[in-house]
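Student: I should like to learn how the features of a protein model are read. May we look at one together?

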Amino acid sequence: MSTEISPATGGDTPVDDYLAKRTLRKGSAGWVLLAGLGVSYVISGDFSGWNFGLAEGGFGGLLIATIVIAAMYLAMVLGMAELSSALPAAGGGYTFARRALGPWGGFATGTAILIEYAIAPAAIATFIGAYVESLNLFGITDGWWVYLAVYALFIGIHLAGAGEALKAMFVITAIALVGLAIFAFAAVGRFDMANLTDIAADPTATGSSSFLPFGYLGIWAAIPFAIWFFLAVEGVPLAAEEASEPEKNVPKGIIVAMLLLCVTGAAVLFLVTGALGAQSASASGNPLVEALGDSSAAKVVNYIGLAGLVASFFSIIYAYSRQTFALSRAGYLPTVLSVTNSRKAPMLALIVPGIIGFALSLTGKGAMLLNMAVFGAALSYVLMMVSHIVLRKREPNMPRPYRTPGGIVTTAFALVIAAASVAATFLVDPTAALWTLGVFVAFMAYFGLYSRKHLVAKSPDEEFAAIAEAESELE
């Protein structure tokens, strides 16, 4: 009996049996856990990765880029809070775009998010390797087996189930936040304003100065690295089907997470650069540790910094599995990827992207992988903000337990900055951005040639769209 179900009829497969094998555990997360999930997605960005932006824009360029990007994320999160309250499903951004932009728009958004979430752990794995090597435990050095160990360990924990995984993530994230507090306390005494601007100005760059050593263009080039302070916080809605009262808890969780991340990002940007110097920090694999020198605090932060990297690695595995699960359950990707085990964890949705991420981590090029992940993220932000605007215009009466302050003006601002961020990835590393674009195009070709003819009509995301279409016809 075929497992393919046509969008119009539901096919010959018993729909109840199909969906029974593809269900997640309900009600295992409240707003506190969801806020913790949002922070854990991102917290590794405070420990490593953002600092490469100093080499692109200097302290001034990265600071301005971070302010702009923080404003974009705040606007975007407010828009997503509304969308997640109206459409609480495991597809997150894909669900929103499917309702607003149809199957093509939904799959394009889901693919962009999946690219982001599949590549980001690979970048984080390289940063974990740098922190492990700096600990000098038993002669451990950065290498492929470190990446393999973290992938195998944390995918295994996720296979035990969402409730267990989210609680473990929450504890690790709390430890990472304690580490940031210890770092901040220790770094204040080492802060020197002169260190912020110790990169020599490029006289050939328009607008260059000690504050903007690479000129105005450096601000744009620093954007992908500023995004690392907040990358993946938008993944909170992916937990909607596993949250209690998702219409209330998902918006609250994502907003609280974003506000906390603004505080941690600002503290790290100023204190690391002021203590270590912009020049030295721009190429460091573990900038918080190096900023504290050989102090005992540095050793503590090194261990806890590893926990911060692990927190994001761990939680983004959760995110990519739920995005893969949702796309597979609806037939956009092979349906075998959405089958869940006895603990209601999507097995192959955890394992297959993990194998791909591990292969990418073997390049050892964290900055390149970061840029590729940002490309997927920024493209998805464009599509999600378009979705918010379209739904506000086309379905003004759709129930929205939470409404975005400022409405479409807020999300239009986020849309413009997100589009500029997509372009910035080509400015930083055009080859990596083009390769990522090629992968996106290949996914879209797969959809056009095959999967659009085999969508699962009774999956939650397709049902949301079908209900909307029926209501539109009645009106």
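Student: What volume does the second largest pocket have, and how is a pocket recognised?

Tutor: Rolling a probe the size of a water molecule over the atoms shows where empty space is left. On a 1 Å grid over the protein atoms alone, a pocket is an open set of points with protein on both sides within 12 Å along at least five of seven lines, while a cavity is a set where a 1.4 Å probe fits but cannot get out; lining residues have an atom within 4 Å of a point. Grid points are joined across faces, edges and corners, and the volume is the space filled by probe spheres set on the points. Here the second largest pocket has a volume of about 350 Å³. It is lined by 17 residues, of which Leu114, Ala118, Ile356, Val439 and Phe443 are the closest to its centre.

Tutor: Before we continue, please note that this is a predicted model, in which local features need pLDDT of at least 70, side-chain atom pairs count only at pLDDT 80 or more, and totals for chains, interfaces and linings use all residues. Residues are numbered from 1 along each chain as its sequence is written, and side-chain values use heavy atoms, with hydrogens and water left out.

Student: Which helices supply at least two residues each to the lining of the second largest pocket?

Tutor: Helices (H or I, at least four residues) and strands (E, at least two) are DSSP runs, numbered from the N terminus. For this pocket the helices are H5, H14 (347-361) and H17 (430-449). H5 provides the largest share, 5 residues.

Student: How many cavities of 30 Å³ or more are there?

Tutor: The count is 2. The largest cavity holds about 50 Å³ of space. Its lining includes Met80, Tyr117, Glu234, Gln323 and Met384. H5 again appears, giving the most to this lining with 3 residues.

Student: Which residues touch the most other members of the largest nonpolar core?

Tutor: In soluble globular proteins, nonpolar side chains tend to be buried together. A nonpolar core is a set of buried Ala, Val, Leu, Ile, Met, Phe, Trp, Tyr and Cys residues joined through side-chain atoms within 4.5 Å. Buried means under 20% relative accessible area, exposed over 50%, and partly exposed in between (1.4 Å probe, protein chains only). The largest core has 145 residues, and Tyr73 and Ile128 touch the most other members. Helix H5 (residues 93-135) contributes the largest share of this core, 21 residues. Contact means heavy atoms within 4.5 Å. Apart from residues up to four places away in sequence, Ile128 touches Val146, Val150, Leu306, Leu309, Val310 and Phe313.

Student: Why does the length of helix H13 agree with expectation?

Tutor: The expected span of a helix is 1.5 Å times one less than its number of residues. Helix H13 (residues 296-329) has 34 residues and should therefore span 50 Å, which agrees with the 50 Å between its end C-alpha atoms. H13 is mostly covered, with 30 of its 34 residues buried. Gly331, which follows H13, has a positive phi near 95°.

Student: Where does Ala232 lie, and what is its phi?

Tutor: Most residues other than glycine have a negative phi, and most peptide bonds are trans. Ala232 has a positive phi, near 90°. Ala232 is placed in the loop between helix H9 (223-227) and helix H10 (246-276). Ala232 counts as buried because its relative accessibility is 1%.

Student: Is Phe47 buried or exposed, and which residues does Phe47 touch?

Tutor: Phe47, in helix H3 (residues 44-47), counts as buried because its relative accessibility is 0%. Among the residues that Phe47 touches, not counting those up to four places away in sequence, are Tyr131, Ala176, Pro287 and Ile304. The C-alpha atoms of Phe47 and Leu306 are separated by 8.4 Å, although these residues are 259 residues apart along the chain.

Student: How many helices and strands does the protein chain have?

Tutor: The protein chain has 18 helices and 0 strands. Of its 475 residues, 59% are buried.
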